[in-house]
Structures are given as structure tokens and as C-alpha cells.
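Work through the exercises below with the sequence and structure open beside you. Try each task before you read its solution.

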Amino acid sequence: MEHIRTTKVEQVKLLDRFSTSNKSLTGTLYLTATHLLFIDSSRRETWILHHHIAAVEKLPLTTSGCPLVIQCKNFRIVHFVVPRERDCHDVYNSLLQLSRTAKYEELYAFSYNPKQNESEQVKGWQLIDLAEEYKRMGVPNDYWQLSDANRDYKICETYPRDLYVPRTASKPIIVGSSKFRSKGRFPVLSYYHKDKKAAICRCSQPLSGFSARCLEDEHMLQAISKANPSNRYMYVMDTRPKLNAMANRAAGKGYENEDNYSNIRFQFVGIENIHVMRSSLQKLLEVSGTKGLSVNDFLSGLESSGWLRHIKAVLDAAVFLVKAIAVESASVLVHCSDGWDRTSQVCSLGALLLDSYYRTIKGFMVLIEKDWISFGHKFSDRCCQLDGDPKEISPVFTQFLESVWNLMEQFPQAFEYNEAFLLQIHEHVHSCQFGNFLGNCQKEREELKLKEKTYSLWPFLLDEQKKYQNPLYSPDFSPELTLLEPNTVSFNFKFWRNMYHQFDRSMHPRQSVYDLIMNMSEQNKQLEKDIKELEAKIKQKNGQPDAVLMKEHQQSAHPAPMALKTPPCFKKEQPLIPVNDAVRTIEGSNTADNRYSEFMEEFSKAEPAVVSLEYGVARMTC
Amino acid sequence: MPALACSWDVATRREQGWGLQRGGRWGRSQLSPCAPAPIFALLQALSSVDSVMMMYPFFYRPQDLRLEEGWHLFPLEQYFQQIAAQTSQWRLSDLNRDFTTCPTYPADVIVPAAVSDDTLRRAARFRQGGRFPVLSYYHPRNGTVLLRSSQPLTGPNRKRCPEDEVLLGTVLDEGERGFIIDTRSAQAAKQARMTGGGTEPKSSYPQWKRLHRPLERGRPLQESFIKLVEACNDASLSMDRWLSRLESCRWLSHVKAALSTACLAAQCLDREEASVLVHGAEGTDTTLLVTALAQVILDPGCRTVVGFQGLLEREWIEAGHPFHLRCARSAYSHARLKQEAPLFLLFLDCVWQLSRQFPFSLEFGESLLLTLFDNAYASDYGTFLCNNEKERCLCKVKENTHSLWAWLNQPEEKKKYLNPLYSHNPLVIWPSVEPQSIQLWQGELGPALRQLPFSKPKARAVLARRHHLGWVACGGLGKAALLFPQVTHNPLSPRLILPMDPSLPVPR
């Protein structure tokens with residue numbers, strides 16, 4: 001790679017992010033075509049994908065060398081000190097080049113080769129089939145049909161080819177409506193609730209300005225309303241704050257006038273735009289990255305960042321949507337400005353609350369494919385996959401994942417997947433290692449021939465499913481809870497430590513309950529399997545013509561399996577116990593993790609004026 | 001009548017929102033909130049019975065417990081024997097048997113073997129309330145000790161006391177260094193000299209290094225707790241208001257400060273191998289918070305159900321934490337009492353934080369902490385009555401009331417408090433005290449209950465149960481267990497028996 005000026009730098013220090021006395025690990029830094037690799041003296045490796053790098057910063061020279069700070073999109077922050085300034089400069093420049101990609105074809109996904117053959121690759125891409133998904137929801141049916149209007153992306157470039165619309169919406173209505181909607185994103189079906197016959201539809205804002213009308217668009221909404229026999233009115237949710245929507249009117253856009261559309265109930269829900277979200281996250285990260293943070297600074301920072309307020313707004317909107325469908329059986333049309341950010345958040349969360357299928361591992365993949373990928377959430381722009389406009393970057397998808405995490409906290413038994421699954425998806429949305437999230441819309445993806453040139457993420461996640469299973473999940477723990485009713489009182493929202501401090505190990509609980517339960521249940525499954533096998537063996541034996549043996553067994557029908565069961569159980573348990581032990585090992589008692597050694601050093605100095613007792617934990621000055 | 005009064009007492013507190021699990025045993029707890037004024041006045045009067053002897057534990061006689069049971073489970077003698085098995089440097093002294101040397105110490109204390117009772121008596125005169133330095137914990141790994149006392153009475157004239165210096169001097173060998181952790185700020189300690197108190201000057205205690213770690217107590221801590229409860233009870237708060245009220249109540253800061261200070265003490269003992277003396281002013285509040293917490297962190301023995309009870313007995317009850325004054329009214333009271341302060345609750349909160357971070361290392365679950373909290377404020381049992389051993393003797397608490405421990409340790413009862421994931425962990429548990437790692441021990445979900453977005457009986461029942469319990473886990477399995485009792489029967493984990501109490505009534 002022509003960008004790499006130096007491939008190896010020795011004696012590089014990796015500073016501990018939260019240590020106040022600059023504790024560090026010394027090791028060697030390697031630059032490869034795809035990754036930055038740091039191997040410390042105890043052979044521990046830190047891999048950082050170039051695409052994950054959000055920013056590289058060179059700080060002023062210090063006595064120990066030249067500091068280089070790398071911020072990643074997965075919220076990892078590493079702080080290197082390179083002994084020689086020239087090396088640092090080379091690494092810095094290389095990383096700048098490597099982390100900024102100009103063309104899709106240079107992204108990692110196009111060179112990533114996971115040793116799959118072609119048919120596996122094709123099969124991988126076929127794993128999620130949206131036509132199948134709509135069939136599962138119950139469309140096409142008497143009210144909804146598949147429209148071929150956008151077959152060639154002629155009506156809307158950012159929509160998928162296959163769109164579901166009310167049967168009564170003819171092609172001219174579709175075309176007319178799309179002309180009246182920003183970016184041609186006319187109202188289409190996102191989720192169909194079979195029992196209530198109510199639909200979640202999505203679109204972009206109407207080009208209404210101060211007074212413009214469009215009969216076709218009005219017909220379109222009427223058609224959606226009529227497609228729901230159980231309720232004669234429908235909701236139109238504008239997910240923007242009212243002020244923003246009104247400002248849009250001056251630019252010839254805006255929102256639906258209730259007087260022009262029959263039987264609609266219009267509602268603003270007030271989720272802020274991508275720019276507000278971007279700076280909110282920025283503030284959050286600034287606060288959480290502060291060294292020696294006090295509780296009060298943390299809480300006031302959390303408050304002033306507004307981040308949790310935004311998450312609450314998103315979930316509140318989804319709850320509103322779900323109420324309309326579940327309680328009133330009314331269809332809902334959701335839009336924001338362009339209908340690919342807030343609209344995706346609200347539609348997908350609404351569906352997640354309504355339908356337990358989306359709370360399974362496969363279902364969640366389907367949900368992301370449907371409401372995010374196919375409907376054109378601009379992953380490339382929002383996650384800055386290519387070097388582009390920094391104003392287009394926004395953590396919209398991250399907020400969606402965080403909302404799901406909050407739901408998982410409230411309903412620990414309702415989700416088949418766990419937090420690690422969300423984190424892994426977040427990782428790969430930014431990694432550009434798989435083709436799923438590349439590009440901004442389906443048309444672009446087809447042009448890039450992603451299905452031939454890259455691999456799909458989902459089969460890989462399914463392969464390692466075990467890692468992502470929630471041990472507490474019980475799909476039928478309460479049938480009445482297919483509908484989740486989250487409580488969105490403020491104090492139910494918590495800071496997502498595992499997302500924003502995923503790589504700061506010392507901050508997390510030192511023992512994982514989930515791992516333990518997972519191991520236990522694995523063990524149990526194995527034992528149950530053993531029991532079955534042995535029972536089968538007994539049956540076989542009983543079936544043998546040896547009359548004496550048969551008699552013996554019949555006499556002791558019950559105790560026999562017990563006696564037989566014991567020895568293999570012990571055999572099986574032996575390899576499993578170390579696994580358990582590994583889980584139970586306490587990271588916290590490891591002195592390195594507690595940042596203890598520096599305290600020892602400090603202390604061994606004769607009579608220091610300032611004694612700093614520190615283990616990432618307690619600090620004192622006297 | 002007094003018995004009835006106490007039952008009213010229990011009922012009122014329940015009405016005020018502090019769910020008492022076993023309160024209102026005569027079915028009189030269903031008070032309407034808008035009871036006529038005279039009844040309310042009566043309740044006010046009855047719920048603040050002044051005389052300890054008139055309190056409910058003196059009248060409570062459960063059938064399946066004997067009176068004397070549980071009162072002598074944790075004799076200091078037994079604790080001392082463990083130390084004596086390892087070193088002969090300490091002895092058990094009964095110089096305080098008539099409570100004259102120190103009215104707030106128990107009869108027996110563990111002191112350096114080389115120091116005579118006479119010296120101790122003189123040293124006691126130099127410490128506020130006579131609380132001379134005594135052993136709180138012996139760290140078997142390296143033989144260092146944790147001591148506690150009250151502030152020295154140096155006063156404005158920088159008085160000295162050779163006996164006190166000798167007493168502290170004998171703890172350390174030649175050339176050894178120790179730490180004095182003063183739970184006040186340096187300035188507050190200095191100011192205390194004006195009122196006759198003060199702190200150990202370096203010149204008189206050359207081997208001891210003083211560290212100041214201010215911890216809140218008294219009135220400000222009580223205010224903090226009241227504000228927290230108020231914020232939690234207001235479900236209409238916007239996110240910004242909620243966060244700013246959570247911040248301004250400062251409760252989590254106090255949790256962090258208490259944990260850090262305990263970690264500091266533990267670190268000095270375990271890693272620095274230096275002995276530690278902890279004191280604040282009176283030595284009955286923050287001092288005990290730090291010494292008790294440090295022991296939970298260091299000593300695996302304190303993390304078992306029985307060990308934890310022993311710790312409470314030794315470090316809170318016998319050590320003279322004035323429960324009667326500190327835990328009178330909780331957060332709900334019109335008469336804001338001067339002496340009220342939730343130090344014991346702060347301790348339980350810190351232990352809960354440890355249990356979140358080390359979910360397999362504590363033998364007991366959250367339910368034990370909740371039960372202890374309830375009982376510290378209003379109890380059928382005499383364990384938390386009075387302010388110190390002297391008062392307990394005068395009131396004949398041990399003769400006339402039942403012990404909480406006797407009740408808790410009945411096999412059927414004890415089962416409810418066990419942590420099913422517990423496995424003995426011989427290591428020191430160092431918690432993270434970053435603000436991101438400290439969680440709010442969520443309770444007070446009462447109002448949330450009424451404002452469910454669209455409530456279903458099931459959700460309501462579950463939440464009601466949380467409300468009923470008062471303090472509930474947020475996050476992790478604790479929450480799963482409370483929210484979903486069915487977890488117990490999860491087919492995935494048939495071996496898992498969660499600490500649920502199926503007999504608890506679920507209010508509708």
C-alpha cells in the first residue's frame with residue numbers, strides 16, 4: 001500500500017486512558033493494509049481496523065515522545081506515545097490516508113476473504129429474504145399489494161424495488177404522491193399488523209410549503225386509511241419538533257394540513273435532527289472520557305449532552321406509534337424530513353415493540369434489513385464510510401441500538417439476543433468488512449455488485465449465535481407480552497456503559513452473570529443429551545432377547561438409569577469446570593487491572609509530598 | 001395499648017411509602033391516605049413513641065423463636081480467638097465492662113497486648129466520648145490491622161497525651177508506618193480544635209501519616225437522601241430535570257466517596273501492608289462506614305450471610321452506631337429530626353454496589369440488604385434498638401426482645417436471602433468507583449406505578465411488587481429476578497434458584 005510509510009515502530013507506549021499517573025504498556029506498533037496492530041510486551045494484541053478510526057490527533061511533543069491519540073467509531077480511544085517524532089509523523093500521515101477512503105472499492109469488504117466458496121456467499125446473501133418477511137406479516141392480502149412502480153428505481157431512487165402499497169392506490173396516485181414528497185419517498189408499507197389489520201407506513205415530508213396541495217397524495221393517505229377496515233381514521237406522525245417542521249415550510253416543504261386530508265390525526269413527536277444528535281454524542285463522549293471524573297460532573301455532563309433525552313424522545317415516539325396500533329387499531333404514517341433517519345428509528349422500534357419475531361436473532365436481522373438497509377438509511381454518509389461531508393455523520397443507528405438496549409434492560413426475558421449482539425452489529429456497521437451496510441441505498445448497492453464482491457454479515461453472526469444468546473430469554477414466558485409496553489419514565493434510562501466504555505475493562509463488573517448462566521445452561525443441555533443417549537441405550541438393551549438381563553432391568557427400571565447416569569456425568573463435567581472457573585476469575589483482583597503498580601512505584605519514593613494511591617478506583621492526595 | 005401503638009407505627013410508615021414487609025400484622029395497615037385529621041394526629045403521636053421500652057419489639061413474641069436465641073451468636077471472644085490463633089500481639093480487654101471508660105463501646109474490646117488497661121483508660125480521656133483506638137479488623141494475609149477511634153481532644157492548645165501516643169505507637173513496629181484516615185477535610189479537622197477536638201499532629205505521632213477523605217454525614221447526608229427520594233417519587237420529571245436532581249441530591253457522590261475511602265483503607269492494609277486508623281469526629285458514623293466497608297472488600301468471611309451479620313453486630317451495633325437516633329424516620333417526616341442520618345443505608349448501598357460488580361462473591365442477595373434496611377428503621381426485633389450496648393443493657397433488650405439474627409437464620413428464612421450464584425472467592429474485591437460504574441439503587445417506584453403508559457394487570461403486579469419491596473435492583477439478574485419471578489423456572493437454567501420469596505404478598 002502506497003500510504004504506508006512505516007510498517008513497524010518499536011518502543012511505543014500505550015497509555016491507560018483513565019489513569020492519572022500515565023501508566024502505560026510498552027510494545028510494538030505495526031501498520032498493515034487493513035489494521036493497526038499493537039503488541040505489548042506480554043504479547044497482548046490490540047487490533048484496530050483502519051475503517052474504525054474516526055480521528056487521529058498528534059499532540060504536542062513531550063519528554064517521553066510524541067503522543068498520538070486515535071479515536072474510533074466504536075468508541076475505543078487509544079493513546080500512544082511514539083519515541084521519535086518522525087515515526088509518529090509517518091504513522092500519523094499513514095493513518096490519515098488509510099482511514100479516509102475515497103472510493104467504495106477500496107473498502108475492506110472488497111478485499112475481505114473469509115474462505116467461503118461462491119455458493120456459500122450466495123446463500124449468505126439469501127439468508128434474509130424480505131419478500132418472505134412481508135409474507136410472514138400477511139401481505140399481499142385483500143388490502144395490500146406488491147407494487148412494481150419502483151421496479152427500475154424510476155419513482156424513487158432511495159427506495160427498494162419492491163414496495164407494498166394499498167390495493168386501491170393506482171399507479172397515477174403513486175406517481176403523483178411521490179412527486180409531492182421530498183426525494184420522491186411516497187407513503188409505503190413498513191409493517192403490517194395482522195390481528196389489528198393496521199399498518200405502519202413511512203414516507204418523507206410533503207412539499208406543501210404554506211398552502212400547496214396534492215390530490216394524489218391526499219388519495220394515497222385515504223387509500224392507506226381505507227386499507228384498515230377496523231378504524232376509519234389514521235395517524236400521521238411527524239417525528240420532528242414542530243418548529244423544525246414549520247421552518248421547512250419556508251423551503252417549500254413542511255407537513256400535512258389536517259384540513260386537506262380527510263380523517264387524519266396529525267401529531268408531532270419532537271425528535272431532534274441529525275446535527276443535534278451528532279453534537280450531543282460529541283458532548284457525551286467528552287464527558288465520559290474525562291479523567292478523574294466526579295459523579296456530579298458526570299451527571300451534569302450527561303444532562304447537558306442531552307443524549308438520554310434524545311433516546312427517551314425516540315422511544316416515546318415508538319410508544320406513541322404502538323399505542324395507536326395496539327390500542328386504537330389505527331394505521332400510522334410516519335415521516336420526518338427525508339424519511340430515512342428518525343422515520344427508520346421510529347418504524348423499526350415500533351415493529352420491535354409490537355412483534356416478538358423482531359426480538360429473535362434472525363428477526364432482528366430482518367428488521368435491520370427492512371427498515372434500515374432497504375428503505376435507504378444512509379449508512380455510508382451517517383457512518384462516514386467514505387471521506388465525505390462531516391455534517392452528514394450522525395449516530396442515528398447507534399441511537400436505535402441504544403433504544404433496543406434500554407428495552408432489553410426493562411424486559412430481560414423478551415429478547416433472544418443479548419447486548420453483545422447489538423455491540424457486534426454496531427461494530428460492523430462501521431467496520432466496512434461486510435457488504436450489508438455499504439452505500440446509502442439499494443440502488444447504489446446493486447451498482448456496486450456487493451452481492452458478488454462482498455460477503456453478508458448475517459451468516460457469520462448466525463454461526464456464532466451462541467455468543468449472542470440471552471440466557472434469560474423465554475419466548476413463551478408470557479404470551480400476553482408479545483406486545484412490549486416499556487415504561488419511559490426518565491429514571492429508567494441509563495448510561496450505556498458497555499457501549500461507550502466497551503474497551504475500558506476496569507469499569508465493568510468483574511464477574512458476568514450472563515456468561516455463568518450461559519455456561520450452566522450449556523452444561524445442562526449436554527447433561528440432558530447424555531441422559532437421552534443413555535436412555536436410548538437402556539431401551540436398546542431392554543429390547544435384547546436376553547431374558548435374564550431384561551428381567552433385571554425391568555425390576556430396577558427406575559434406579560437403573562440413575563446409576564448409569566452418574567459416571568458419564570462426571571466425565572463430562574470435568575472439561576466444563578475450567579470453563580466455569582475462567583468465568584469466575586475476577587479481573588478486579590488482577591493488580592494490573594486495578595492500576596495498582598503505579599501506586600507501588602509512587603510509594604517507594606522516599607516520603608513523597610503527594611501520595612497517590614490509585615487503582616482506577618480510589619485516589620487520594622494529602 | 002402500647003402494642004397497638006407500635007402496630008400503628010408500622011402501619012404509618014408503610015402508608016408513607018416505606019413498604020414494610022411484615023408490617024401491619026393485625027390487618028390495620030389499609031389506611032386511606034385521607035384519614036380524618038384526628039386519626040392522623042394520633043398516628044403522628046403513636047409513630048413517634050419516645051420510650052424505647054414501649055416499642056414493638058418488647059411486645060413481639062413469635063411462636064417459633066425463643067427469646068434468648070440469636071443474641072450470642074457473635075461474641076467478640078470468638079472473633080478474638082481467630083486473631084489470637086495467629087498473633088499474640090492483641091488481647092481482649094474487659095475494661096469497659098461497666099461502660100464507664102467509654103459509654104458507647106461494648107464491654108469487651110480488642111487492644112494491643114502490650115498496653116495495660118490503665119494506659120487505655122488514660123488514653124480514653126484524650127478521645128472524644130472515650131472512644132480510644134481499638135482493633136476493628138486483623139488482616140491475616142500480612143498481619144496489619146484496621147483500628148478505629150474518635151478524634152483526639154487536642155483542642156486549641158495542642159494538648160498531647162503520652163498514653164494515646166504509646167497506644168498507637170505499640171501498634172507499629174520500629175520503622176513501620178501507618179495511616180490515619182480522617183473522614184473530615186483537613187480544614188474541618190483543624191476547625192474541630194476550636195471546640196476541643198482535633199487530629200493527631202505529625203510531631204507527636206511520627207510514624208503515622210494522616211490522610212483526609214471528607215465524607216458527608218449528619219444533616220447534609222439526610223438532606224441528600226430526602227432529595228433523592230423526592231426526585232425518585234416524581235415520575236413526571238423530564239430527563240434533564242431528573243438528571244439535574246439526581247446530581248444535585250449528591251447521593252451517588254456520597255456512595256462513590258464512601259467506596260473510595262473504604263478502598264483506600266483496604267489498599268493501605270492489603271497492598272501497602274500498613275496498619276490504618278480510621279476516625280472522624282465522634283467515630284460512630286463515617287468511621288464505622290469505612291471500617292465495615294473495608295472489611296467486606298478485604299475479608300471473604302464478611303461476604304457470607306452469617307459473616308455479614310457478624311460484621312454488622314461488631315462494626316455497627318456493638319461499635320455504637322446510634323441507630324435509635326439515626327434511623328428514626330427515614331426520608332418521610334414532617335418533624336425533621338436533628339440526629340437523623342442514613343449512614344447505615346449508605347453502607348447498604350455501597351455493599352449493593354459491590355454485589356453488582358462482583359455478582360458471585362457475596363453469599364447473600366439484595367433481599368437481605370432490603371430486609372436489613374427495613375429492620376433498621378422499624379422492626380419486630382430488638383437488634384437495632386437503642387444507640388449502644390450500654391443502653392441495650394439498661395433496657396434489657398437482650399432479655400426482653402427477639403434477635404433479628406435468630407429469625408433470619410432459620411433455614412426457611414435464610415434460604416430467601418441467598419445468592420444462588422455465590423461461590424467462595426478468597427480474593428480481595430476491588431470495585432471500580434468511576435461514576436460510570438456506580439448505579440442508582442432504584443426504589444421508590446410508587447408513582448411510576450400509577451403512570452404506566454398503558455398498564456396491564458401483570459405489569460402492575462410486577463411493579464407493585466417492586467414498590468412493595470421498596471428498593472430494587474436496576475439491571476442485571478437482580479432485576480430479572482424481581483421483574484420476572486418466572487426466571488426461577490427458566491428451562492434454560494434449571495439449577496438456578498433465585499432468591500425469590502414466593503410467600504410475599506403481591507399488593508393489587
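A pocket here is an open set of grid points with protein on both sides within 12 Å along at least five of seven lines, and a lining residue has an atom within 4 Å of a point. Keep in mind throughout that this is a predicted model.

**Exercise 1. Describe the second largest pocket: its volume, its centre and its lining.**

Step 1. Start with the volume. The second largest pocket holds about 1200 Å³.

Step 2. Find the centre. The lining has 45 residues, and those nearest the centre are Ala54(A), Gln71(A), Cys72(A), Gln282(A) and Leu285(A).

Step 3. Assign the lining to elements. Strands S5 (53-58), S6 (66-72) and S7 (77-82) of chain A are among those that give two or more residues. Helices H1 (85-99), H8 (274-288), H14 (396-410) and H15 (419-431) of chain A do so too. H8(A) gives the most, with 6 residues.

Step 4. Sort by chemistry. The lining divides into 21 nonpolar, 15 polar and 9 charged residues.

**Exercise 2. Describe the second largest cavity in the same way.**

Step 1. Set the scene. The structure has 7 cavities of 30 Å³ or more. The second largest encloses about 140 Å³.

Step 2. Find its centre. The lining has 15 residues; closest to the centre are Leu76(B), Asp108(B), Leu135(B), Arg148(B) and Arg314(B).

Step 3. Assign the elements. Helix H3 (76-84), strand S2 (109-112), strand S3 (134-139) and helix H11 (305-317) of chain B each supply at least two lining residues. S3(B) has the largest share, 3 residues.

Step 4. Sort by chemistry. The lining splits into 9 nonpolar, 1 polar and 5 charged residues.

**Exercise 3. Place the annotated active site in the fold and decide whether Cys336(A) is buried or exposed.**

Step 1. Read the record. An unreviewed UniProt entry puts the feature "active site" at Cys336(A). Such annotations may be inferred rather than shown by experiment.

Step 2. Locate the residue. Cys336(A) sits in the loop between strand S14 (332-335) and helix H11 (342-354) of chain A.

Step 3. Apply the cut-off. Buried means under 20% relative accessible area. Cys336(A) has 3% relative accessibility, so Cys336(A) counts as buried.

Step 4. List the contacts, leaving aside neighbours within four places in sequence. Cys336(A) touches Cys203(A), Ser204(A) and Gln205(A), among others. Its partners also include Asp238(A), Thr239(A) and Arg240(A). Asp341(A), Arg342(A) and Thr343(A) are on the list as well.

Step 5. Check the confidence next door. S14(A) has the highest mean pLDDT among the elements of chain A, 96.

**Exercise 4. Classify Leu146(A) by accessibility and list what Leu146(A) touches.**

Step 1. Locate the residue. Leu146(A) is in strand S8 (residues 144-147) of chain A.

Step 2. Classify. Partly exposed lies between the 20% and 50% cut-offs. Leu146(A) has 37% relative accessibility and therefore counts as partly exposed.

Step 3. List the contacts. Residues up to four places away in sequence are not counted. Leu146(A) touches Arg151(A), Asp162(A), Leu163(A) and Tyr164(A).

Step 4. Add a distance. Leu189(A) is 43 residues from Leu146(A) along the chain, and their C-alpha atoms are 9.8 Å apart.

**Exercise 5. Set the two chains side by side.**

Step 1. Count the elements. Chain A has 23 helices and 14 strands. Chain B has 21 helices and 7 strands.

Step 2. Check burial. In chain A, 58% of the 622 residues are buried. In chain B, 64% of the 508 residues are buried.

Step 3. Check contact range. Take contacts between residues at least 6 apart in sequence. Those joining residues at least 24 apart make up 70% in chain A and 75% in chain B.

**Exercise 6. Decide which stretches to read with caution.**

Step 1. Start with the complex. The predictor gives an ipTM of 0.81 and a pTM of 0.83.

Step 2. Take chain A. Its mean pLDDT is 84, and 86% of its residues reach 70 or more. Helix H22 (residues 559-584) of chain A has the lowest mean among its elements, 33. Over residues 547-622 of chain A, pLDDT stays under 50.

Step 3. Take chain B. The average is 77, and 75% of the residues score at least 70. Helix H10 (residues 286-298) of chain B has the highest element mean, 95, and helix H19 (residues 446-450) of chain B the lowest, 28. pLDDT stays under 50 over residues 1-35 of chain B and over residues 443-508 of chain B.

Step 4. Conclude. Where pLDDT is low, the predicted coordinates should not be read in detail.

Methods. Residues are numbered from 1 along each chain as its sequence is written. Chains are lettered from A and ligands numbered from 1 in the order in which they are written. This is a predicted model: local features need pLDDT of at least 70, side-chain atom pairs count only at pLDDT 80 or more; totals for chains, interfaces and linings use all residues. Side-chain values use heavy atoms; hydrogens and water are left out. On a 1 Å grid over the protein atoms alone, a cavity is a set of points where a 1.4 Å probe fits but cannot get out, and a pocket is an open set with protein on both sides within 12 Å along at least five of seven lines; lining residues have an atom within 4 Å of a point. Grid points are joined across faces, edges and corners, and a volume is the space filled by probe spheres set on the points. Helices (H or I, at least four residues) and strands (E, at least two) are DSSP runs, numbered from the N terminus. Ala, Val, Leu, Ile, Met, Phe, Trp, Tyr, Cys and Pro count as nonpolar, Asp, Glu, Lys and Arg as charged, and the others, Gly among them, as polar. Buried means under 20% relative accessible area, exposed over 50%, partly exposed in between (1.4 Å probe, protein chains only). Contact means heavy atoms within 4.5 Å. pLDDT is the predictor's confidence in each residue, from 0 to 100.
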